[in-house]
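Here is a walk through the structure, from the overall picture down to a couple of spots worth a look. Have the model open as you read.

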Amino acid sequence: MSERSLSLKEKIAFGIGAVGKDMVYMLSASYILYYYQDIMGVSAVAMGIILLAARVFDAFNDPIMGVIVAKTKTRWGKFRPWLMIGTLTNAVVLFLMFAAPPALNGAGLVAYAAVTYILWGVTYTMMDIPFWSMIPAFTKAGKERESMSALGRSCAGVGSALVTIVTVLAVRALGTMTAGADATAKIIERSGYKWFSLIIAVLFVIFTVFMCVAIKEKSTVDMDSPGVGEMFKALLRNDQAVIMVIAIVLINTALYTTSNLTIYFFKYDFGGASAWEGQYTLFNTAGGGFQILSMMILFPVLRKFMNSLKIMFTSFAMAFLGYVTLLLISLSGASNVMLLLIPAFLIMSALGMMNVCLTIFLANTCDYGELKNGRRDESVVFSMQTFVVKLSSGLAALFASLILQFTKISELSQLEEIVLASDASRTGLRFSMTIIPMVLMIVAIILFKKKYILTDEKMDEIQGLLAEKKSEN
């Protein structure tokens, strides 16, 4: 497949696969803490520790999975077998994770949450690594790779946005339908999340099956298979890949911290009992739309006037301004949700363009690593992306859980009725969901400014040198 361009059908299939994949990821990343802490009653700190511990486990699991994918050779190709295995098992675990038995409580419920979440991470890795590894394996650096990266991230953004937009209202509707309108709010939400997760799991399987059938993969792709020790050495020698790993952790931790706290912000601060679901949904609908449009329209437009690195810096500036605006609006005592669409536009548009840029930059490190280390390690490098994105969600969940505990908002979730948090708790929540992300963003932009060297000109040079080496062989 590396000798030809991908067909329109294959590109569409890849995009559909990305939609399903990130629908699943966003449901887990944004709502697992809320489900177990606010609905099931698990301690916020306990959940934070579980979510982070699972990511530490992934530190060993994800790179090993990258090596397994690199060594795979079947009649169906290198990537598709793992895409199917990972999708089917992850769909089952996703449903189990949001279908905790009502009889469980205390240590039993904590154990159930820990086991299912760790299994979810393992099975998600099985399909996520081969999915993103297809980009550098099947495309050349430049416009084709940028196009595929933008397509993948745009469609992934659609999946994320869809789940972010519909989850709260869909859970309410499904819960009322299955548990009855007379049931308590927590029983309705518990039932709603169970059936909503089943719907997402089924769609995930359907979308992945379509992608695997549509994409024609060669049984052997030109990818060497390093051993585990050799893989780690090669990765550490690829300084640009290491920089990308750190940057992705910083950026995603910032954004997931805000994402985890937003639902609490609307429920116990801004919206309150009577209006929070509608306001939260409106905010997420606008933010999701801004994210998608930024990847599909704003990024291509800006790309005509500036390179990807400049777009990255522009995105940093937009996100920082968005967080400042969000903080000022929340501290002003404003109650009009429409005002929050301003920071939603700035932050989510920046996130969309950052995701496209980060995928391009990470794919470029594969070419850089091949020139520097003498081998291509797409699966290994992209296994690190899978790990660091999940690590970011784990760190963000831990930060969020500690913030909920510190501000005493976690105590409000134990009440039968929704009440607004105290002034001190609300102020602490507002500063935490904005200042922490801003600090992380500042560190990330300093890192990029000082250490990242893979400009468009540098990549042209690397491509030329690789072409010369191949012609000599």
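The protein exposes about 18,200 Å², and carbon and sulfur atoms supply 68% of that area. Keep in mind that this is a predicted model. Of the 473 residues in the protein, 60% are buried.

What about secondary structure? The protein has 15 helices and zero strands. Now look at contacts with a separation of 6 or more: residues 24 or more positions apart account for 84% of them.

Back to the surface for a moment. Leu 293, Met 296, Ile 297, Val 301 and Phe 305 form a nonpolar patch there, and together they have about 520 Å² of accessible area. One of these residues, Ile 297, sits in helix 9, which covers residues 276–303. Is Ile 297 buried or exposed? Neither label fits, because its relative accessible area is 48%, and partly exposed is the term for values between 20% and 50%.

Helix 11, residues 341–373, makes a nice check on geometry. How far should its 33 residues span? At 1.5 Å a residue, the expected figure is 48 Å. The reckoning takes 1.5 Å times one less than the number of residues. In the model the end C-alpha atoms of helix 11 are 47 Å apart, so the two figures agree.

Helix 11 is also mostly covered, with 28 of its 33 residues buried. Follow the chain just past helix 11 and you come to Gly 374, which takes a positive phi of about 85°.

How values were computed
Residues are numbered from 1 along each chain as its sequence is written. This is a predicted model: local features need pLDDT of at least 70, side-chain atom pairs count only at pLDDT 80 or more; totals for chains, interfaces and linings use all residues. Side-chain values use heavy atoms; hydrogens and water are left out. Helices (H or I, at least four residues) and strands (E, at least two) are DSSP runs, numbered from the N terminus. Buried means under 20% relative accessible area, exposed over 50%, partly exposed in between (1.4 Å probe, protein chains only). Contact means heavy atoms within 4.5 Å. Accessible areas come from the Shrake-Rupley method with a 1.4 Å probe; for residues, only the protein chains shown count as cover. Patches are made of residues with over 30% relative accessible area and no salt bridge: like charges are joined within 9 Å, nonpolar side chains (Val, Leu, Ile, Met, Phe, Trp, Tyr) within 5 Å. A salt bridge is a side-chain nitrogen of Lys or Arg within 4 Å of a carboxyl oxygen of Asp or Glu.
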